[in-house]
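User: Could you walk me through part of this structure before I go back to the bench?

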Amino acid sequence: MTTPTLLVLDAEPLPRLGRLAGRVRIEHADESTLAERLPHADVLLVWDFTSHAVRRAWPGEGPRPRWVHTASAGVDHLLCPELAASDTVVTNARGVFDGPIAEYVAGLVLAFAKDLPRTLRLQRERTWLHRETRRVAGTRACVVGSGPIGRAVAGTLEALGVRTALVGRAARDGVHGPEDLDRLLARADWVVAAAPLTEETRGMFDARRFGLMQPSAHFVNVGRGELVVEDALVRAVRDRWIAGAALDVFAAEPLADDSPLWELEGVVVSPHMSGDTVGWRDELAAQFVELYELWEAGGPLGNVVDKRRGYVPGH
């Protein structure tokens, strides 16, 4: 029996795949060598999930991997028409980031409600300024994206006493459809973007949508940067259409030095870290090894992406 070839699109530190030793030939590639090595691989592990190299390197009609796994929740960085049309199975890292991102969002909501960014700034200035802050319990949140991350965010906010509405691709039990989004935005104190990037969601948070929100509302994006029209967000915060925003993802990363978001009052910028807790890389590697063992045994894989929709269906 021929030993399968696993090709890893590298990023440091490399994944721990020791459990697969002797069962698979592991090769490595970077953006410059991926195209020449892809046709010889049975499986591709996209460990560098910030790279768009797969889109550029994916072979058309020639030999190609039978399975591609990305160590990320989103797949927009690798899907291209050729990959989408192929019979290659694509899986993602669904399940690893749900809880950490939900905690991160809850931390931001509490920080905004308790005015912690201003408290830290006043401390640095040695300024004693007593003021009142908001209760979180009883406020309203609109979470856009009903996948595992969105559901985890909604559950965590509800545990804080926040009345939370979840919006998904279609209405169903416990989930609002897109037709309810504008109405829910107009009532929300906290708007959380946790949707995948698709043609339907790209740029969905534009000037019109920010204009619907309350002046006291805060916007949090832990989904994809391209969900947001950044110029419209800058204007919305600068002109006080909304009270502020916390952004963990951006259309171009890292965020440009000259972006107004860095110094805009009321905006918290973080470097795409909301799901990255201590040990997260080991969890991603362990998840891939478990999936590989299923694939090796001929069993059905979990976390299979619908390549037409751009996410794992079933939510």
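Analyst: What follows takes up one strand and its neighbours, then a pair of helices. This is a predicted model, in which local features need pLDDT of at least 70, side-chain atom pairs count only at pLDDT 80 or more, and totals for chains, interfaces and linings use all residues. Residues are numbered from 1 along each chain as its sequence is written, and side-chain values use heavy atoms, with hydrogens and water left out.

User: Which way do the residues of strand β8 point, and are they buried or exposed?

Analyst: Trp190 and Val192 point one way from β8 (residues 190-193), Val191 and Ala193 point the other way, and all are buried, meaning under 20% relative accessible area with a 1.4 Å probe, protein chains only. Strands here are DSSP runs of E of at least two residues, and helices are runs of H or I of at least four, numbered from the N terminus.

User: Why do they alternate like that?

Analyst: In a regular strand the side chains alternate between the two faces of the sheet.

User: Which residue stands opposite valine 192?

Analyst: Valine 143 stands opposite valine 192, and strand β6 (residues 140-144) pairs with β8 in the parallel sense over 4 bridges, where pairing needs at least two DSSP bridges. Strand β9 (residues 218-221) also runs parallel to β8, joined by 4 bridges.

User: Switching to helices, how do α4 and α6 cross?

Analyst: The axes of α4 (residues 98-113) and α6 (residues 148-159), which are lines fitted to C-alpha atoms over the stretch in contact, with angles from 0 to 180 degrees between N-to-C directions, come within 8 Å and cross at roughly 45°. That makes α4 oblique to α6, a class for angles that are not under 35, over 145 or 65 to 115 degrees.

Conventions
Buried means under 20% relative accessible area, exposed over 50%, partly exposed in between (1.4 Å probe, protein chains only).
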